[in-house]
Structures are given as C-alpha cells and as structure tokens.
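The following exercises lead a newcomer through a single protein chain. Each consists of a task and a solution worked out in steps.

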Amino acid sequence: MNGTDGPVGPEHVLTVSRATKNFGGLMAVNDVSFALEKGEILGLIGPNGAGKTTMFDLVAGSQKPTSGSIAIHGHEVSGQSAWRRIGHGLGRTFQIPKPFPELSLIDNVMLARQGQAGEGVIANFLTPRKVAAEERRAREKARELIAFVTLSHLEDEPAKVLSGGQRKLLELARVLMADSSIVLLDEPAAGVNATLLEVIIERIREINRGGISFLLIEHNIDMVSRLCGRVLVMASGELLCEGRPDEVARDPRVIEAYLGGAA
Ligand SMILES: Nc1ncnc2c1ncn2[C@@H]1O[C@H](COP(=O)(O)OP(=O)(O)O)[C@@H](O)[C@H]1O
Ligand SMILES: [Mg+2]
C-alpha cells in the first residue's frame, strides 16, 4: 500500500476515504479522507461540534457512514459491525467512560476480552478444564494491565470508586486486554488532574513503543504537542488542514475556526 509520490510509502493501518455522515441534513462529517500510519500517534483536534467523535463512531462502527469507505489493515469494514472491527484489532475509548460500576476493576478488564468476536462460541467447545485455565490466564493478564495503568491498589474495588482520571486509565487497560493494534482515544485528558495526566501520557508512549498506532482526539494542546508528530484539524464536519502541532496552531484557518466555535 505505497503512496503514489515515492518509491516506498508508509504502511497505513487505517484508511478513511471520503467519509460523510449526515444527521437529517446536518453534515457532522463531510467528505473527510486521511490515513493513519503504522506506529503513528495522529492527533485529531477541532472546536466542539467539529465532528471528531462522529468520525470515531464511523471508524469504530457505532455509526454507519452516509457515504465513503473505511479500511482497517487493508480490509474494507464500512459494512461491518463494531464487533467485527474489534476482531480486526480496532479498540476505542470513550469521551465519557462507562465502566460497569458495581464490577471490580479486574472484572471490567476481563469483560473487554470477552467482547472479542466469536470468543464465547469457541469457549463452548473447550473442555471445562481448558476453560478454567484460559480464565486464569486472562485474569493474570487483566491484573498485569491494571498494574501497568497504576491501579493495582484498587483492582478488587468496584469501578464506581474511581475518579474521572482513573476511569480513563481503566479504559486504557480494557483496550489493551482486547489486543488492539489501533486505538482511538476520545479526549483521554478531559477532567484528569495533572499527576494522572502524566501517567496517561507516559502509558500512551509506552504502548505506542510496542507498535500500537493511535488516533487521539484531545483539547489539551500540550498533550497533543508532546505525543503527536502530525495533527488533523476538523471544523464544521470538514478536514480543515493537517500538519505538525506547532504548524497547525498558528494556521489562520485554525485560529478562526476556534474563535468561531467559541462565539
Ligand atoms: N447521533 C447524532 N444525531 C444527530 N446529530 C448528532 C449526533 N451525533 C453528533 N451529532 C451532531 O454532529 C455534530 C458533530 O458532533 P461531534 O461529532 O460530537 O463533535 P465533536 O466530537 O467534534 O465535538 C454536532 O453538531 C452534533 O450535535
Ligand atoms: Mg467529541
């Protein structure tokens, strides 16, 4: 999948081509095309209402595009369910995380694995002893991931005790439990205190060093500048421009879009 402008192009793990989503006349996403490179942390910024979360919904499959196509690791997925897309290695976190409040952190992370397509069906064909061994391995993995996001001291507590920032960390653990190779993060820094923010940034870096690609929606421009080499800017459903964080931050079109959005 090389580009046409050079002998060797980057490997694209996610390709969005002319994606459009129309909500009864409102163009939430209007003819947006971009590609996410393997190993990249690509930023997606823009004022409230720009269409960023809708773009995530189209990629993840929780909304069907009005037109356009989406490919994950070269597979056309526009017609596929969200579950099938998880099977292709796509994970996402939500702007407002919704853990199961009464379940422990361990169980919340365990459930992310059971979300994988076909898993329950296959388990039915295994012997009970294999199922139990599989369960133990998964529990061990969940425990390691909870340690990775610095929440070990709370692993047996119900998720309802977590602060907003800790919920964002739990979501990272859940996405890793599903063995995602592409992760969509929707405002991971929103409502997170400065200390936890540093943990989240460091963990994203570390996961990324392991070869996982990210698409990051974030209003915290400091975080975007530290994590992203390239940023897409959306406004009013359209892709306004793209470039390095420092470039787009001084682009007059971007400044105008933010001022317009704040009005
Ligand atoms: N399910 C929906 N039905 C109707 N309109 C929607 C829906 N989801 C989002 N929108 C509208 O689409 C536009 C883009 O919203 P959204 O994607 O949430 O923007 P952002 O995440 O950039 O703030 C907004 O005008 C919003 O009101
Ligand atoms: Mg949003």
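**Exercise 1. A residue in helix α3**

Task: Determine which residues M110 is in contact with, leaving aside its neighbours within four places in sequence, and decide whether M110 is buried or exposed.

Solution. The model is a predicted one.
Step 1: Beyond its neighbours within four places in sequence, M110 is in contact with E135, A138, R139 and A142.
Step 2: M110 belongs to helix α3, which covers residues 105–114.
Step 3: The C-alpha atoms of M110 and R143 are separated by 9.2 Å, and the two residues are 33 residues apart along the chain.
Step 4: Buried means under 20% relative accessible area. M110 has a relative accessible area of 3%, so it is buried.

**Exercise 2. The chain as a whole**

Task: State how many helices and strands the chain has, and explain why the chain is as compact as a globular protein of its length.

Solution.
Step 1: There are 10 helices and 10 strands in the chain.
Step 2: The globule rule gives 18 Å for 263 residues, and the radius of gyration of the chain is 19 Å, close to that value; the chain is therefore as compact as a globular protein of that length.
Step 3: Along the principal axes, the C-alpha atoms fill a box of roughly 60 × 40 × 40 Å.
Step 4: As for burial, 47% of the 263 residues count as buried.
Step 5: Among contacts with a separation of 6 or more, 66% come from residues 24 or more positions apart.
Step 6: The chain exposes about 12,800 Å², of which carbon and sulfur atoms supply 55%.
Step 7: Its side chains include 29 positive and 32 negative ones, and 5 Å lies between the centres of the two sets.

**Exercise 3. An open sheet**

Task: Give the order of the strands in the open sheet of 4 strands, and identify its edge strands.

Solution.
Step 1: The order is β2-β1-β4-β5, and the pairing is antiparallel.
Step 2: β2 (26–37) and β5 (75–76) each pair on one side only, which makes them the edge strands.
Step 3: Strands of a sheet pair through backbone hydrogen bonds, in a parallel or an antiparallel manner.
Step 4: β1, residues 12–23, is joined to β2 over 8 bridges in the antiparallel sense. Within this sheet, V16 stands opposite F34 in β2.
Step 5: β1 also runs antiparallel to β4 (residues 67–72), with 5 bridges between them. Here T15 has A71 of β4 as its bridge partner.
Step 6: The antiparallel pairing of β4 with β5 extends over 2 bridges, and I72 stands opposite H75 in β5.
Step 7: The hairpin of β4 and β5 has 2 residues between the strands, and H73 in this hairpin takes a positive phi near 45 degrees.

**Exercise 4. Helix α1 and residue L44**

Task: Establish how many residues of helix α1 are buried, and find which residues L44 touches when those up to four places away in sequence are not counted.

Solution.
Step 1: Helix α1 (residues 52–60) has 9 residues, 8 of which are buried, and is thus mostly covered. The buried residues are K52, T54, M55, F56, D57, L58, V59 and A60.
Step 2: After α1 comes G61, with a positive phi near 95 degrees.
Step 3: L44 lies in strand β3, residues 41–45. With a relative accessibility of 1%, L44 counts as buried.
Step 4: Apart from residues up to four places away in sequence, L44 touches K52, M55, F56, L215, L216, I217, E218, L232 and M234.
Step 5: L44 and M55 are 11 residues apart along the chain, and their C-alpha atoms are separated by 9.7 Å.

**Exercise 5. Positive phi in two loops**

Task: Decide whether D179 is buried or exposed, and then whether E187 is buried or exposed.

Solution.
Step 1: D179 sits in the loop between α6 (164–177) and β7 (182–186). D179 is not a glycine, yet its phi is positive, at about 55 degrees.
Step 2: Exposed means over 50% relative accessible area. The relative accessibility of D179 is 51%, so D179 counts as exposed.
Step 3: E187 is placed in the loop between β7 and α7 (194–209). E187, a residue other than glycine, has a positive phi near 50 degrees.
Step 4: The relative accessible area of E187 is 8%, and E187 is therefore buried.

Methods:
Residues are numbered from 1 along each chain as its sequence is written. Chains are lettered from A and ligands numbered from 1 in the order in which they are written. This is a predicted model: local features need pLDDT of at least 70, side-chain atom pairs count only at pLDDT 80 or more; totals for chains, interfaces and linings use all residues. Side-chain values use heavy atoms; hydrogens and water are left out. Buried means under 20% relative accessible area, exposed over 50%, partly exposed in between (1.4 Å probe, protein chains only). The radius of gyration is taken over C-alpha atoms; the globule rule is 2.2 Å times the number of residues to the power 0.38. Contact means heavy atoms within 4.5 Å. Accessible areas come from the Shrake-Rupley method with a 1.4 Å probe; for residues, only the protein chains shown count as cover. Lys and Arg count as positive and Asp and Glu as negative; His and the chain ends are not counted. The place of a charge is taken as NZ of Lys, CZ of Arg, CG of Asp or CD of Glu. Two strands pair if DSSP finds at least two bridges between them.
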